[in-house]
Amino acid sequence: MPEYSRESFTDWDHVVAAVRPHLDALLDTQRTPWTRPVTSDDKAFYERSQEAGAAPERGTPLPELLTEITSTVLDRGYLNGAHPQYFGYFHPRPLPAAVLGDSIASLLNQSPAAWRMGPAATAMERETLSWVADFVGYPNATVPGGIFTSGGTMANISALKLARDAVLGDAVRENGVTGGGTVYVSSELHYSISRAMDFLGMGRAALRVVPTDRAGRISVPALRERIGADVRAGHRPVAVVGLAGATATGAIDPLTDLAQVAADHHMWFHVDGAAAAVFAGLPRTQELFTGLASADSVTLDPHKWMFVPYGLGCLLVRDASRLSASFADQAHYWNHDSRTDFVFLGPEGARPWKSLGLWLALRHLGREGYADLLLGNLDVARHLADRVRATDGLELLTDPVLPICCFRAVPERDGVDLAEYTERLHRAVVERGDFHLTVCHPNGEPYLRVAVNNYTTRNEHVDALLEAVTDARAALDA
Ligand SMILES: *Cc1c(COP(=O)(O)O)cnc(C)c1O
């Protein structure tokens, strides 16, 4: 019998026996991530992806395919976020408990989309939502006071839909947006906010981008002025979006002030805390987030600083009845259940039970465990900031309030274009293959951005980065 017989792809004993010898190589990606480069990106992958392929006609035995995955994905086209010297865009090193959760969820194939698609999955997802709200100190008397989504983008789009419907009136669901409505956010916004304006028919032109101070926080006087001018011009202000951890710099807007502005104009107040709202749950950092509890909705991505694998975002909502007001629907084939059907509380249909990984991680680590990992990240970012401050020729953007540190090198010679210099410096450091970091431009100024989003990153790793940066600077200045 050939190995790709019906039995070989449906018989679990057969599959498990085939997979077992390959597990070690896969687990090594997490055990010893530093033995691989931080990124590998073979040109051949891109070229191959440009060509249309024919679907496989004949089967291939699993062991052969697993060998191929190891030799191609891992060796030639792999973002090694588990590496302690990965400082790029949020790409958490996943917790073992969370990976286990994903695997179990796939194996059992339960969906929390509707009670009957997974009664325990739905009940546990409700429970997990209430834990997230409690973790960050967000009052939600109603359960479920929110939804899980595929990520922060979908959570932000959903939040602005709640805002649109609540402020412009639920009739917009039938008639579409007619009068328009304006939304306010700082220039540090995530692109999902402008995407939401487009998606929801409010139009990107109705998004008002408000300037920030040097630390990247929204200017409240400028915000008030802009709202005043819009009201005088006959616009209807719909929502204020506060950032609780800007993607680039980690800046946290003055949330209490924003809550007041929103209340003064009967607007929805949404907090985009996709990356960092989890820090609101730690005694050492919670003060930065004062005002978060007054928000009408909060976005939080467990797949960033809660260390679960990609695919889990979350939207917490104060008045949970707004979820069904915005997402209720009917279909003749759907037999409604009086228990929870998440399909009619959010934008997505059948969903994987991604929240099981978070349920396991929260149970396994507890708040204490998370505090240990998160404050560890923060201490490393602060250590880097201290080192930058003490190094000639380096310039810190601001003291990091979260585990993101932005700094730059100043060229020795005058008249050098700083943006170009920063790009070249960045390339020189990344090309070595043992570091990954990015460049950002808060208020149009170029900076290197170092995010510490890996719980195995220690001071020695940012010390090594700093050495690489100063070496690259010396080479550029030579
Ligand atoms: C990452 C991020 C998002 C988007 O989240 P995804 O999970 O990538 O869709 C939104 N807002 C902020 C502030 C973010 O950092």
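**View 1. The residues around the ligand in this predicted model.** Welcome to the binding site: 15 residues surround the ligand. Thr153, Asp272, Asp301, His303 and Lys304 are the closest of them. Sorted by class, this shell holds nine polar residues, three charged ones and three nonpolar ones. Helix α7, which spans residues 152-168, contributes the largest share of the shell, with three residues.

**View 2. Polar side-chain atoms beside the ligand.** Start with aspartate 272, where a polar side-chain atom lies 2.7 Å from a nitrogen atom of the ligand. At aspartate 301, an N or O atom of the side chain is 2.6 Å from an oxygen atom of the ligand. Histidine 303 also places a polar side-chain atom 2.7 Å from a ligand oxygen atom. On its own the ligand would expose 380 Å², and the protein buries 87% of that area.

**View 3. The pocket that the ligand takes up.** Which pocket does the ligand take up? The space it takes is the second largest pocket.

**View 4. The largest pocket and its lining.** Here we turn to the largest pocket, which holds about 690 Å³ of space. It is lined by 23 residues, and those closest to its centre are Thr29, Gln30, Pro94, Val99 and Pro309. The lining is made up of 17 nonpolar residues, five polar ones and one charged one. Helices α2 (12-31) and α5 (96-108) each supply at least two lining residues. Of the elements in this lining, α2 gives the most, with five residues.

Methods. Residues are numbered from 1 along each chain as its sequence is written. This is a predicted model: local features need pLDDT of at least 70, side-chain atom pairs count only at pLDDT 80 or more; totals for chains, interfaces and linings use all residues. Side-chain values use heavy atoms; hydrogens and water are left out. A residue is near a molecule or strand if one of its heavy atoms lies within 4 Å of it. A polar contact is a pair of N or O atoms within 3.5 Å; within protein, one must be able to donate a hydrogen and the other to accept it, and residues adjacent in sequence count only if both atoms are side-chain atoms. Accessible areas come from the Shrake-Rupley method with a 1.4 Å probe; for residues, only the protein chains shown count as cover. On a 1 Å grid over the protein atoms alone, a cavity is a set of points where a 1.4 Å probe fits but cannot get out, and a pocket is an open set with protein on both sides within 12 Å along at least five of seven lines; lining residues have an atom within 4 Å of a point. A molecule sits in a cavity or pocket if more than half of its atoms lie within 2 Å of its grid points. Helices (H or I, at least four residues) and strands (E, at least two) are DSSP runs, numbered from the N terminus. Ala, Val, Leu, Ile, Met, Phe, Trp, Tyr, Cys and Pro count as nonpolar, Asp, Glu, Lys and Arg as charged, and the others, Gly among them, as polar. Grid points are joined across faces, edges and corners, and a volume is the space filled by probe spheres set on the points.
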